[in-house]
Amino acid sequence: MSVFSDSYSKYYNLLYRDKDYNGEANYVDQCIQRFNPRAATVMDIGCGTGKHASLLAHSGYQVLGIDRSEAMLAVAQKSEIPGHLRFLPGDLRTLHLPESFDAVISLFHVMCYLNKNEDLQLAFQNVSNHLHKGGVFIFDCWYGPAVLTERPSVRLKELKDEEVTVTRITQPIIYANENVVDVRYHMFIKDVRNNTVEEIKESHRMRYLFTPEVNGMLKNAGIQLEECFEFMTENPPGLETWNVCYVGRKL
């Protein structure tokens, strides 16, 4: 099974149309301004279809979105704004650009897809390499203590628009000794015009993270961990806080 295949990417915006992109972009904007008030340039790594990047560009930042999925980028590039918003293909483990940024963001658990320590360390080092001194790194992830306390469960999601009805079954399998969860997606897409059904299967291996390991890897990359809090609230993380935001500063 692939991850973010062309078929899955085609329905990505429909699957997450109820996601509060506006609220999240405003929240990230406030975080950037709190930790680096003069920030003007932002790199969004793992930008997907570019919704956060587009909203931040409309807030006044010059934004570069990076993603390794050509299907995702094809959607994102439709929203490009010359001089303010652009998108490029790239892998956050091997990215090498001739420019630096005031802020680097990575949202919607992109870092959780890096299951190996060496891959996560490479990503943090690449972030550091593309940050100005004093620049900020903001990313969210699954928080280990909460994942192990509440445990992931089977979920069903149904959505539809004028063309299709999408039914997605999510079945997670946790591997506690590896700090990962295999999230298995089984989707049925029914074309409302001719009643044909497309079936898609994907398995996403997601790593949950703990603050001590994040702190150590950031430090190795020359980034100082500034704060850790619940994403969207800034409450201290706890055993029910699945989604945590980490903020680091380039030394």
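**Figure 1. Strand 5 and strand 11 run side by side in the antiparallel sense.** In this predicted model, strand 5 covers residues 131-142 and strand 11 covers residues 243-250. Seven bridges link the pair. For a landmark, find isoleucine 138: standing opposite, in strand 11, is valine 247.

**Figure 2. Seven strands make up an open sheet.** Read across the sheet, the strand order is 3-2-1-4-5-11-10, and the pairing is mixed. Which strands sit at the edges? They are strand 3 (85-89) and strand 10 (223-230), and each of them pairs on one side only. Going from one strand to the next, the twist averages 20 degrees.

**Figure 3. Helix 3 and helix 4 both pack on the sheet.** Helix 3 spans residues 21-35 and touches strand 1 (41-45), strand 4 (101-106), strand 5, strand 10 and strand 11. The direction of helix 3 makes about 140 degrees with that of strand 10. Helix 4, residues 51-58, has its own set of partners: strand 1, strand 2 (62-67), strand 3 and strand 4. Compare the direction of helix 4 with that of strand 3 and you get about 150 degrees.

**Figure 4. Isoleucine 32 is a buried residue of helix 3.** Why does isoleucine 32 count as buried? Its relative accessibility is 0%, so it falls in the buried class, which takes in anything under 20%. Look around isoleucine 32 and, leaving out residues up to four places away in sequence, you'll find it touching Pro37, Ala39, Val42, Tyr61, Ala103, Ile105 and Ile138. That last one, isoleucine 138, is the residue opposite valine 247 from the opening view. Proline 82 is another story: its C-alpha atom is separated from that of isoleucine 32 by 23 Å, with their places 50 residues apart along the chain.

**Figure 5. Arginine 168 is buried yet has no salt bridge.** You'll find this arginine in strand 7, residues 164-175. How far away is the nearest side chain of opposite charge? That side chain belongs to aspartate 18, and it is 8.0 Å away; a salt bridge needs the charged atoms within 4 Å. Arginine 168 does have a polar partner, though: its side chain makes a polar contact with the side chain of tyrosine 16, at 3.1 Å. Setting aside neighbours within four places in sequence, the residues in contact with arginine 168 include Tyr8, Leu15, Arg155, Lys157, Tyr185 and His186.

**Figure 6. Aspartate 182, in strand 8, makes a polar contact with arginine 205.** Strand 8 runs over residues 180-191. Aspartate 182 counts as buried because its relative accessibility is 8%. The polar contact joins its side chain to the side chain of arginine 205, at 2.7 Å. Not counting residues up to four places away in sequence, aspartate 182 also touches others, among them Gln171, Pro172, Ile173, Tyr175, Ser203 and His204.

**Figure 7. Arginine 151 and asparagine 179 each have a positive phi.** Why give these two a view of their own? Most residues other than glycine have a negative phi. For arginine 151, phi is near 60 degrees, and its place is in the loop between helix 7 (144-150) and strand 6 (155-160). For asparagine 179, phi is also near 60 degrees, and this residue lies in the loop between strand 7 and strand 8. Buried, exposed or in between: which is asparagine 179? With a relative accessible area of 22%, it is partly exposed.

Conventions:
Residues numbered from 1 in each chain as written. Predicted model: local features only at pLDDT ≥ 70, side-chain atom pairs only at ≥ 80, totals over all residues. Heavy atoms only, no water. Pairing = 2+ DSSP bridges. Helix = DSSP H or I, 4+ residues; strand = E, 2+ residues; numbered from the N terminus. Axes fitted to C-alpha atoms, helices over the stretch in contact; angles between N-to-C directions. Contact = heavy atoms within 4.5 Å. Buried < 20%, exposed > 50% of the residue type's maximum accessible area, 1.4 Å probe, protein only. Lys, Arg positive; Asp, Glu negative; His and termini not counted. Polar contact = N/O pair within 3.5 Å; in protein donor to acceptor, adjacent residues only side chain to side chain.
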